[in-house]
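Reader: I'd like a close look at one part of this model, the stretch around the second cis peptide bond and the spaces beside it. Could you walk me through that, and then set it against the rest of the chain?

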Amino acid sequence: MTDSAIESCETLVSQLVRLPTEMKVKIFSFLDGESLIATSAASKHLHTLIHDSDEIWKSICLPILVPSLPPDVSLSPAPYKTYRDLYLSLRPFAWFTPAIWHGNRDLLGSLYVSRYNHVTGHLEAHEVFCVYDRIAMLPYREWSLSPAVFVQDFQPRIERSLTPVVKFGPRTEYGKNNEIPQPRSPRGMTTTFFHAAPILPERIVYPQMSLWPPLLVPADDRTRNESPTGFRGHVLHRKDASTNLFRLRRWISFMNADSQGVIMGERVETIARLRPELWTRRDPQFPYRGVWVGDYESHGGEFVLFHQPTKNRLEAIKLTGDPNVPRAEYSFVVDDLSHTERVCSEPEWPGARVVAAQGHTAALNFTNNAFSPTQLILISPDLVAHYWINLSRIKIFRRVDIDDLMRGGPGL
């Protein structure tokens, strides 16, 4: 840095110091954590002000705290003494803010919710599952409009993994090859976390390149989906890592008769953050955007992203899948939401609009996949029914309340 640049910087700091304290606190509340730490090093006065004003650090912590706190829990830095302590304790992992993540597990995929645990003071991620009991459900009923078509009610519940899949806290440390050991699952599964490098925008991405997320899913960062070495041999520097991607290495280990450790079934799963605007925004122009859960009969309930790239187009993209139509493939597509084929007069959904759709089917292992004409019954922005004409079945889809899920609620 030249002498003139140093003098200019000192002048700016001097001008900042002379501002009223209330104004400085207001200005600093717009900075992120790293900028705040850098600013505090500019002068002794600023260091003291930033160190002692917990209101400034509170603004830094709000994006971590607010989405994660249940409605009956008051906002506070507990279990830490101050908001500054909270941020500095979790500083290396502050990027792991409350979010929805989807993984590339073979065919089936996976879905995770990350949130702040206000009891333990850790950042955690749990896998979420759709659970429902078909035996306890009401039997199929005939559709009043066409008795040859059957409808079944769909009342699932969402459950979280008992043990966090990912857990970061004040004592979390990187281990060998920059991998972080994670809590051992009740079934003896050992897991390590490690970062993933994004494919930079200037690099050419070929259509045949295996990526996660695939190009079908909107994403800020993508990374390679395959590695002949199991992503070993290259230690990624943390500054080059994406904050929208990470990987989990999993294996089962046990002791054999000779007291030797045995490792079996090692696999690596790549996991990507789902863009917040895809599941948080309730824009009247895009009323169906969000994460939904649908009935896929023998495959159970599956999570689906309802993506509206334009006002009148709806793409239902599987976040979790099955051996026929796997994750990250279309479940169905509506080309024109504005074109009403009819308005329901039947008692099941009076007044609901019906639009033309294309449903995606395939044989085992996604072979012979094809689209066939279907219809989507738009009951409400939180409930739709998918009529498979060739199967004589109507399947129900329900919106997942992600905000409620992050706060520890049922999500439905």
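Author: Here is a walk from that bond outwards, then on to the wider chain.

Keep in mind that this is a predicted model. The peptide bond from Trp 212 to Pro 213 is cis, and its omega sits near -5°. Pro 213 itself belongs to the loop between strand S10 (211-212) and S11. On the far end of that loop comes Thr 223, which lies in strand S11 (residues 223-224). Is Thr 223 buried or exposed? With a relative accessibility of 2%, Thr 223 counts as buried, given that the cut-off for buried is under 20%.

Thr 223 also has plenty of company from elsewhere in the sequence. Leaving out residues up to four places away, Thr 223 touches Ser 210, Leu 211 and Trp 212, along with Ala 196, Ala 197, Ile 199, Leu 245, Arg 247 and Thr 270. So Trp 212, one partner in the cis bond, is among the contacts of Thr 223 because their heavy atoms come within 4.5 Å.

Now for the spaces. A search of the whole structure turns up 1 cavity of 30 Å³ or more, and about 50 Å³ of space lies in the largest cavity. Pro 213 is one of the residues lining this cavity. From the loop region the lining also takes Ala 219, Asp 220 and Asp 221, and further along the chain it includes Asn 244 and the run Ala 272, Arg 273, Leu 274, Arg 275 and Pro 276. By type, the lining of the largest cavity splits into 5 nonpolar, 1 polar and 4 charged residues.

There's an open space to look at too. The second largest pocket holds about 470 Å³ of space. It is lined by 21 residues, and the closest to its centre are Ala 197, Phe 231, His 234, Leu 236 and Arg 247. Two of those names should ring a bell: Ala 197 and Arg 247 are also among the contacts of Thr 223. Strand S9 (189-195), S11 and strand S12 (245-255) are the elements that give two or more residues to the lining of this pocket. The lining of the second largest pocket is made up of 9 nonpolar, 6 polar and 6 charged residues.

Leu 274 leads on to the core. Besides lining the cavity, Leu 274 is among the members of the largest nonpolar core that touch the most other members, together with Phe 303, Trp 349, Ile 377 and Ile 394. That core has 37 residues. Apart from it lies another core, of 36 residues, which includes Ile 56, Leu 65, Tyr 80 and Ile 271. As a rule, nonpolar side chains in soluble globular proteins tend to be buried together.

Ile 377 gives a feel for the surroundings of a core member. Sequence neighbours up to four places away aside, Ile 377 touches residues including Trp 143, Cys 344, Trp 349, Leu 383 and Ile 394. Arg 353 is on that contact list as well.

For comparison, take the other cis bond, the one that joins Ala 78 and Pro 79, with omega of about 15°. Pro 79 is in the loop between helix H5 (54-65) and helix H6 (83-90). Pro 79 counts as partly exposed, at 46% relative accessibility. Its contacts beyond four places in sequence are Tyr 116, His 118, Val 119, Thr 120 and Gly 121. The C-alpha atoms of Pro 79 and Asn 117 are separated by 9.8 Å, though the two residues are 38 apart along the chain.

Two loop residues stand out for their backbone angles. Most residues other than glycine have a negative phi, and most peptide bonds are trans. Asn 178, in the loop between strand S7 (166-168) and strand S8 (180-181), has a positive phi of about 60°. Asn 178 counts as buried, at 16% relative accessibility. Glu 297 also has a positive phi, near 50°, and is placed in the loop between strand S14 (290-295) and strand S15 (301-310). At 28% relative accessibility, Glu 297 counts as partly exposed.

Stepping back, the chain has 7 helices and 22 strands. Of its 412 residues, 47% count as buried. Among contacts between residues at least 6 apart in sequence, 56% join residues at least 24 apart.

Conventions
Residues numbered from 1 in each chain as written. Predicted model: local features only at pLDDT ≥ 70, side-chain atom pairs only at ≥ 80, totals over all residues. Heavy atoms only, no water. Helix = DSSP H or I, 4+ residues; strand = E, 2+ residues; numbered from the N terminus. Buried < 20%, exposed > 50% of the residue type's maximum accessible area, 1.4 Å probe, protein only. Core = buried A, V, L, I, M, F, W, Y, C linked by side-chain atoms within 4.5 Å. 1 Å grid on protein atoms, 1.4 Å probe; cavity = no way out; pocket = protein on both sides within 12 Å on 5 of 7 lines; lining within 4 Å. Points joined across faces, edges and corners; volume = space filled by probe spheres on them. Nonpolar A, V, L, I, M, F, W, Y, C, P; charged D, E, K, R; others polar.
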